[in-house]
Amino acid sequence: MIRITDILDRINIYHPEADLDLVERAYVYSARIHEGQVRLSGEPYLSHPLEVAGLLTQLKLDTVSVAAGLLHDALEDTSATAEELTGMFGPQVTRIVEGVTKLSSLSFRSSEARQAESFRKMILAMADDIRVILTKLCDRLHNMRTLQFQTEHKQVRIAQETLDIYAPIANRLGISWIKNELEDISFLYLHPHKYREIEKQVARKREEQQEYIDTIKEVIQEKMTASHLNCEVQGRHKHFYGIYQKMVAQQVAFEDVYDILGFRIILETVQQCYEALGVIHSIWKPIPKRFKDHIGIPKANMYQSLHTTVVGPFGERVEIQIRTRDMDRVAKDGIAAHWQYKEGRSFDEEDSQVFAWLRKLVEEQKYVKDPNEFMETVRIELFPDEVYVFTPRGDVLSLPRGATPVDFAYAIHSEVGNQCMGAKVNGRMVPLKYELKTGQRVEVITSPNHRPSKDWLNFVKTAKARSRIRQHIKAEERKQSLELGRELCDKAFRKHHLSLSKQMKTAGFQKAIEDLGYKTAEDLIAGVGYGKVTPLQIVRYFAARGELEEPKEGLVHKLKGRMRRTRPKSGILVKGVDNILVRYGKCCNPLPGEPVTGYITRGQGITVHRVNCPHALNMDPARRIELQWAPETDELYPVRIHILCHDKMGLLAGITGAISDLEANILDASVKTGADQKAECYFTIAVSGAQHLDKVMKSVKKIKNVIAVSRIEG
Ligand code: MN
């Protein structure tokens, strides 16, 4: 049990001038009125208000909040009255205690109408003084920590309510440590088996992971120091409920949740954060589209951080968050961070911006009389990252923000998704990549012959849709390569007067399968179709040696044979040859749309240069080859740009924001500040082509205080 002296000590540390007398008097009074009462645990009742007050000091809240925490059950469980409290502790403490008492009587499990009414009251209490809900959250957290003393029935009811109402509120207010603990304890009581399973797995992995965490931390620390960046590196485990949610959302086993571990780099300034990002991307390759700039664009709950996922030293995915110390405080304590150290100030003086959503809700509730409609508004505000849409039968589906009719179709059923060929929203046809909004009625049009398209992967938002589409494409590709492989083998065998179907049954074929690293005949044949094995490699097992001389053809043809084995993916077309291995000259970083030329390098395929690249001009004309860009590719190309700007606060965030808004990945960034108040930024970004680069540069140029943007040539 925490002691009052511990609480006073803590306040003294974060707020040395605080009015400790108020807290001490509240303690003495609380001890008197709760005297003789015991908790279900057998402890004296006073332990509960003390723990709640202790949690409030963990949020570094003012003495009014801490005093209110000590007194929060006074009106409900003792003979004390509001008048007495006001007389002794002032109106603010009393208001908070009254607010918490009111919240405790709300029911969130009854009919829609009463539930809506409960939410309405809660929101009004929150808007009246945010400290009411902070105290309530601490009260709930301590009650959850001692839930083992309740009956089983109550445990489940309270855990469910916590998961439905209080954890989302903690999340909405940005208080991540309270949210995580509330979720984990609720998870324990609602799904004890799943909880224990994850607990066991995490414990089993802990030792080996500790070594891994230390290695990664060391590498990061070393590179940061080399770049003169002073930082703190933290490695952490995701909380159990977070892991469970990933497993459910991505429909994967524990082993396949890759981001159980995460790393955090804490620095001093925003500029250092972007520099650190550049350093990270220079050590490990970033995974495209996983970079999120929540510094430039903070989350609705004020959270700020740079997020990136990179391919780590062992080929694994590593999630890294980069932020300043201030941002780290907000990430942990959320709204409470804004309240910290601000003794005696009432809500909504300065932070009104922060509470805009809350005020909107308060306004809303005056006009929205229909409880269902009001609940809808509450849900949108509490779960800002979700949209709620209706099926034609009126059922509600919740989807992540940005979800499309394809996500909707897969959420209904995998087959509906696979056969989805069109969609209607509120009765009107929309494109499949249409972004759904809350309240819309969605109808999917299916056709039994319709099949998923690879393009869908570019816009779907749910893991289910993504994995089902991939599955389907894989199956389809395998079918095609099997057909193609069979055809190619057939031809090659016939050319040597052999029959594929006969040879397939022989021991020789079995040997070929094993030698070439496959498991079944079908796998091997499909391998031919994928271009990983040539038919000749198989025929070799059956034909006489003399017949097997490779035909002597030109260099390009030889390359063609070799390159077939590599995966076709480049955006370059070589006249007369397809699927050839190409590399892009590091000297000039050519982009699709620009005139290019190629240079044949033995054993390495073709290197592509821009026609005016000095290297290209110097090449041996005999090895030159004419090239064209394929009409469309989804490849990305790195290019370096230089930005000269005035050194202004927030400018860097604006620039990276503009770059990522246009879906260009930032691979590397560095900033130099000159004595003349100007900054030179160097970015390496990945773009899809010359047009894309042009767009990005134009958009950056438009930003205020940016003086010049140029591509770095050669
Ligand atoms: Mn309580």
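Is Glu197 buried or partly exposed? Select Glu197: with a relative accessible area of 38%, this residue is partly exposed. Buried here means under 20% relative accessible area, exposed means over 50%, and partly exposed is in between, with a 1.4 Å probe and protein chains only. The areas themselves come from the Shrake-Rupley method with that 1.4 Å probe, and for residues only the protein chains shown count as cover.

Before going on, note that this is a predicted model, in which local features need pLDDT of at least 70 and side-chain atom pairs count only at pLDDT 80 or more, while totals for chains, interfaces and linings use all residues. Residues are numbered from 1 along each chain as its sequence is written, and side-chain values use heavy atoms, with hydrogens and water left out.

**Stop 1: helix H11**

Keep Glu197 selected and add Lys200. The two form a salt bridge, with the closest N and O atoms 3.8 Å apart. A salt bridge is a side-chain nitrogen of Lys or Arg within 4 Å of a carboxyl oxygen of Asp or Glu. Glu197 and Lys200 are about one helical turn from each other, because they sit 3 residues apart in helix H11. Helices (H or I, at least four residues) and strands (E, at least two) are DSSP runs, numbered from the N terminus. Lys200 counts as exposed, at 57% relative accessibility.

Next, select Glu207, Glu208, Glu211, Asp214, Glu218 and Glu222, which gather in a patch of negative charge on the surface. Patches are made of residues with over 30% relative accessible area and no salt bridge; like charges are joined within 9 Å, and nonpolar side chains (Val, Leu, Ile, Met, Phe, Trp, Tyr) within 5 Å. Lys and Arg count as positive and Asp and Glu as negative, while His and the chain ends are not counted. The place of a charge is taken as NZ of Lys, CZ of Arg, CG of Asp or CD of Glu. Within the patch, pick Glu218, which is located in helix H11 (residues 192–226). Glu218 counts as exposed because its relative accessibility is 55%.

**Stop 2: the manganese ion**

Centre the view on the manganese ion. Its coordinating atoms come from His48 (NE2), His72 (NE2), Asp73 (OD) and Asp139 (OD), at 2.2 to 2.5 Å. Donors are N, O and S atoms within 2.8 Å of the metal (3.2 Å for Na, K and Ca); water is not among the atoms, so sites may look incomplete. Along the chain, the donors of the manganese ion follow the spacing H-x23-H-D-x65-D. Two of these residues can be checked for burial: His72 counts as buried at 0% relative accessibility, and Asp73 counts as buried at 6%.

**Stop 3: loops and positive phi**

Which residue lies in the loop between helix H3 (47–58) and helix H4 (63–71)? Select Lys60, which lies there. Its phi is near 60°, a positive value in a residue other than glycine. Most residues other than glycine have a negative phi. Lys60 is partly exposed, at 27% relative accessibility.

Then move to Glu663, in the loop between helix H27 (651–661) and strand E18 (665–673). Phi of Glu663 is also positive, near 65°, and Glu663 is exposed with a relative accessible area of 61%.

Go on to Leu40, in the loop between helix H2 (20–33) and H3. At 60% relative accessibility, Leu40 counts as exposed. Draw a distance from its C-alpha atom to that of Thr146: the two residues are 106 residues apart along the chain, and these atoms are separated by 9.0 Å.

**Stop 4: helix H14**

Helix H14 covers residues 325–333, and its buried residues include Met327, Asp328, Val330, Ala331 and Asp333. Gly334 follows H14 and has a positive phi, near 55°.

**Stop 5: further salt bridges**

The whole structure holds 21 salt bridges. Select Glu522 and Arg478, whose side chains meet in one of them at 3.4 Å, N to O. Glu522 is in helix H23 (residues 521–530) and Arg478 in helix H20 (residues 463–495), so the pair ties together parts that are 44 residues apart in sequence. Both count as partly exposed, Glu522 at 43% and Arg478 at 27%.

Last, select Asp694 and Lys698, which meet in a salt bridge of 3.1 Å, N to O. Both lie in helix H28 (residues 690–701), 4 residues apart, about one turn of the helix. Asp694 is partly exposed at 40%, whereas Lys698 is exposed at 52%. Elsewhere, Glu232, Glu268 and Arg325 are joined into one network by salt bridges that share partners.
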